[in-house]
Amino acid sequence: MLSLQIDDDVRLTDLEPWHAEQLAALFRAHGADFYDWLPWEGFEDVEGARGFIDGFTRGRGEGNRRLYGIWVGDELVGGTLFPSINARSRIAEAGVFLAASARGRGIVTRAVAAMLDWAFVERGLHRVEWKCAPGNLASRRVAERLGFTHEGTLREVFPVREERQDLEVWALLAREWSGLPPRT
């Protein structure tokens, strides 16, 4: 189980099935905001949240997915994830969701940097991709701060609330990763 202290009061830990109630509560409180940019929904109830976590727990065991909770003190405020890890090609995709009340503190940048360290240093991956809608400026800024390169935009790739969204593809190679940027 991964547990990393990101800041004095912020930690990143594997989400486990027993966190389903906390994840469901997070989505009940902030799901409408998350769903502006995410193509998945339905995690407001405990069973939906547990199913989401269970899929990642199985994927962690198989080495092809990870899901971490972002905790401020004892409160679950978001999550970071590797929705896919391909060990053969040594490529992964990273993603994140964070409650609006926890934004603007550099939490996502530091959490994703910890994920990148794990991916490149411990897992030996070659490439990590970051995908976001062009209008999701906060997500784009995270990619830029961490040194990702914008490689292109896929047109109308995924539906969000019945509307097809474009998807920017950003990538960072292991040789480009120099570690967590200093706090400003």
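**Entry 1: burial, and Phe 82**

I count a residue as buried when its relative accessible area is under 20%. Phe 82 comes out at 0%, so I noted Phe 82 as buried. A reminder to myself: this is a predicted model.

Next I looked up the ring partner of Phe 82. The ring centres of Phe 82 and Trp 118 are 5.5 Å apart, and with 35 degrees between their planes the pair is tilted. Phe 82 belongs to strand β4 and Trp 118 to helix α3, so the two rings tie together parts that are 36 residues apart in sequence. Trp 118 has a relative accessible area of 10%, so I wrote Trp 118 down as buried too.

**Entry 2: the other rings**

How many aromatic pairs does a search of the whole structure find? I got four. One of them is Phe 52 with Phe 56, an edge-to-face pair at 5.2 Å centre to centre and 65 degrees between the planes. These two phenylalanines are four residues apart in helix α2 (residues 46-62), so about one helical turn separates them. Both Phe 52 and Phe 56 are buried.

I also checked for a charge over the ring of Phe 56. The charged end of Arg 65 sits there, 3.8 Å from the ring centre.

**Entry 3: the nonpolar cores**

I then turned to the largest nonpolar core, which has 35 residues. Phe 82, Leu 116, Trp 130 and Phe 148 have the most contacts inside it. Strands β2 (10-14), β3 (66-72), β4 (75-86), β5, β6 and β8, along with helices α3 and α4 (137-145), each supply at least two residues of this core. Which element gives the most? That is α3, with eleven residues. Apart from this core I found another one of 17 residues, with Ala 20, Ala 24, Phe 27 and Phe 56 among them.

**Entry 4: strand β6 and its partners**

Is strand β6 (residues 127-132) largely enclosed or left open? Five of its six residues are buried, so the rest of the structure largely encloses β6.

On one pairing, β6 runs parallel to strand β5 (residues 91-98) over four bridges. I picked out Ala 92, whose bridge partner in β6 is Val 128. Between β5 and β6 the chain passes through helix α3 (residues 107-122), and this β-α-β crossover is right-handed.

The other pairing I followed is with strand β8 (residues 163-173), which is antiparallel to β6 and joined to it by six bridges. Lys 131 has Val 169 as its bridge partner in β8, and Trp 130 has Trp 170.

**Entry 5: Trp 130 and Ala 143**

Trp 130 kept turning up, so I listed what it touches beyond four places in sequence. The list includes Ala 94, Gly 95 and Val 96, then Val 112, and also Ser 139, Val 142, Ala 143 and Phe 148. Glu 168, Val 169 and Trp 170 are on the list as well.

From there I moved to Ala 143, which is in helix α4. Its relative accessible area is 0%, so Ala 143 is buried. Setting aside neighbours within four places in sequence, I found Ala 143 in contact with Trp 130, Phe 148 and Trp 170. For scale, I took the C-alpha to C-alpha distance from Ala 143 to Thr 57: 26 Å, for two residues 86 apart in sequence.

**Entry 6: β7, β8 and the hairpin**

Strand β8 is mostly covered, with eight of its eleven residues buried. Besides β6, I looked at its pairing with strand β7 (residues 149-160), which is antiparallel over eight bridges. Pro 159 has Arg 164 as its bridge partner in β8. The hairpin of β7 and β8 has two residues between the strands, and there Arg 161 takes a positive phi near 50 degrees.

**Entry 7: more positive phi values**

Where does Arg 90 lie? I placed Arg 90 in the loop between β4 and β5. Arg 90 has a positive phi of about 60 degrees although it is not a glycine. At 40% relative accessibility, Arg 90 counts as partly exposed.

Glu 156 is another non-glycine residue with a positive phi, near 45 degrees. Glu 156 lies in strand β7. Its relative accessibility is 52%, so I entered Glu 156 as exposed.

Conventions. Residues numbered from 1 in each chain as written. Predicted model: local features only at pLDDT ≥ 70, side-chain atom pairs only at ≥ 80, totals over all residues. Heavy atoms only, no water. Buried < 20%, exposed > 50% of the residue type's maximum accessible area, 1.4 Å probe, protein only. Pairing = 2+ DSSP bridges. Right-handed = clockwise from strand over helix to strand, strands pointing away. Core = buried A, V, L, I, M, F, W, Y, C linked by side-chain atoms within 4.5 Å. Contact = heavy atoms within 4.5 Å. Phe/Tyr/Trp six-rings, centres within 6.5 Å; stacked < 30°, edge-to-face > 60°. Lys NZ or Arg CZ within 6 Å of the ring centre and 35° of its normal.
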